[in-house]
Structure formats: C-alpha cells, structure tokens
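Here are my notes on this model, point by point. They cover the ligand site and then the cysteines.

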Amino acid sequence: MSVDNKTSVLFVCLGNICRSPMAQGIFTHLVYEHNRQDAFYIDSAGTGSWHIGHPPDKRAQQVCTKNGVNISKLQARKIHKMDLFHYDYVLAMDERNMRDIKRYYADTPEQANKVSLILNYYYDEPIKNVPDPYYGAHDGFEYVFDILYKSCVNLLETLDKK
Ligand code: 4NP
C-alpha cells in the first residue's frame with residue numbers, strides 16, 4: 001500500500017538497535033535533504049524481541065550524530081505480519097534476516113516479493129550482507145554507516161524514478 005499515497009519503506013535487522021535504525025535515520029535524512037518527506041513513510045523493526053522499546057545502541061547513535069543524523073528518539077520494535085501487508089518495500093540487512101522475514105512473516109508470494117536486501121542498492125562491491133556490528137569494535141559502526149549511506153542514496157534515487 002501506500003499510506004496517504006506515500007511509498008512506504010521498512011528497514012529490518014535482528015535487534016533493531018544497530019543496523020536498521022541507522023538505515024532508517026540515514027534514509028529519512030536524505031529524504032528531508034531532497035525535500036521529499038511528503039513522498040515517503042519510513043520505519044524500522046527487528047526480527048528479535050530482546051530490545052523492544054530500547055533506543056538505538058550508543059555506538060550507532062554516535063556515528064550517526066557525527067554525520068548529522070539524529071536517531072536518538074527511535075525505539076526498537078519487533079516486526080509483525082501486518083508490516084508485510086502495509087509496506088511497499090521491506091529491506092533486510094542480511095540474507096538470514098531476509099529468509100526469516102519471508103518464512104515467518106510473509107503470507108503470500110506477493111508479500112514475500114516485497115522483501116529484498118538493502119545491499120542490492122550498494123554498487124561499490126558485490127556484497128550482500130551488512131555485517132552485524134553489535135559485538136564488534138567501533139570501526140564496525142563506521143563501516144556500516146558508510147555502506148548504508150551509499151545504499152540509501154541509491155535507494156532514494158531508484159524509488160524516486162518510479
Ligand atoms: P542489529 O544488531 O541487528 O543490527 O540491531 C544486533 C543487536 C543486538 C543483538 C543482535 C544484533 N542481540 O543479540 O542482542
């Protein structure tokens with residue numbers, strides 16, 4: 001669907017405290033920068049429930065703040081089946097994530113077709129999975145920000161052409 005004729009985009013990862021809120025924040029930032037906020041409805045969710053209600057990881061917040069993106073007000077939530085009904089694009093952070101979303105949340109082939117990998121929009125190198133930075137060092141977050149930023153630029157350009 002489209003909420004109020006908007007194109008709706010849901011970013012999904014495992015915990016919804018690192019990768020998908022960063023993607024949500026970056027994409028929202030770019031949409032505002034291009035004055036396209038009336039055209040998009042944007043959210044994020046996780047397939048896991050450990051962090052429901054939590055703000056994004058401090059390290060994710062820091063790298064976003066450093067780059068002018070504010071994600072401090074976001075709160076983690078779990079994906080639910082209605083998301084696959086409502087959203088036009090469901091963008092998973094890695095292949096396992098994508099498989100889980102299709103297997104447990106999509107009821108129809110049409111819904112499963114809405115799910116794809118965010119790194120399909122990353123053209124610099126042929127990688128499919130955004131590495132989970134949660135257990136790693138801070139430079140993992142810098143790298144994740146970089147590839148998500150580039151992917152979101154290409155995503156916006158692609159969706160704006162439709
Ligand atoms: P995310 O990272 O999926 O990018 O939000 C994770 C955050 C927390 C956990 C796993 C991944 N966790 O197991 O708590």
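**Notes on the ligand site and cysteines**

1. The shell around the ligand divides by class into seven nonpolar, three polar and two charged residues. Keep in mind that this is a predicted model.

2. Which residues form that shell around the ligand? One run is C13, L14, G15, N16, I17, C18 and R19. W50 and H51 also surround the ligand. D132, Y134 and Y135 complete the list.

3. Next, the polar contacts. L14 contributes through its backbone: an N or O atom there lies 2.9 Å from a ligand oxygen. D132 uses its side chain, with a polar atom 3.0 Å from an oxygen of the ligand. For Y135, a polar side-chain atom lies 3.4 Å from a ligand oxygen. Overall, the protein covers 93% of the 360 Å² of accessible area that the ligand has on its own.

4. Where does the ligand sit in the ranking of pockets? The space it takes is the second largest pocket.

5. Now the disulfides. How many does a search of the whole structure find? The count is zero. A disulfide is a covalent bond between the sulfur atoms of two cysteines.

6. Why is C18 not bonded to C13? The closest cysteine sulfur to that of C18 is in C13, at 6.9 Å, and this is too far for a bond. C18 is also buried, at 4% relative accessible area. Both C13 and C18 belong to the residues around the ligand.

7. C64 gives a second case. Its sulfur has its closest cysteine sulfur in C152, 10 Å away, so the distance is too far for a bond. C64 is buried, with a relative accessible area of 0%.

Notes:
Residues numbered from 1 in each chain as written. Predicted model: local features only at pLDDT ≥ 70, side-chain atom pairs only at ≥ 80, totals over all residues. Heavy atoms only, no water. Near = heavy atom within 4 Å. Polar contact = N/O pair within 3.5 Å; in protein donor to acceptor, adjacent residues only side chain to side chain. Areas by Shrake-Rupley, 256 points an atom, 1.4 Å probe, with all protein chains shown as cover. 1 Å grid on protein atoms, 1.4 Å probe; cavity = no way out; pocket = protein on both sides within 12 Å on 5 of 7 lines; lining within 4 Å. Sits in = over half its atoms within 2 Å of the grid points. Nonpolar A, V, L, I, M, F, W, Y, C, P; charged D, E, K, R; others polar. Disulfide = S-S within 2.5 Å. Buried < 20%, exposed > 50% of the residue type's maximum accessible area, 1.4 Å probe, protein only.
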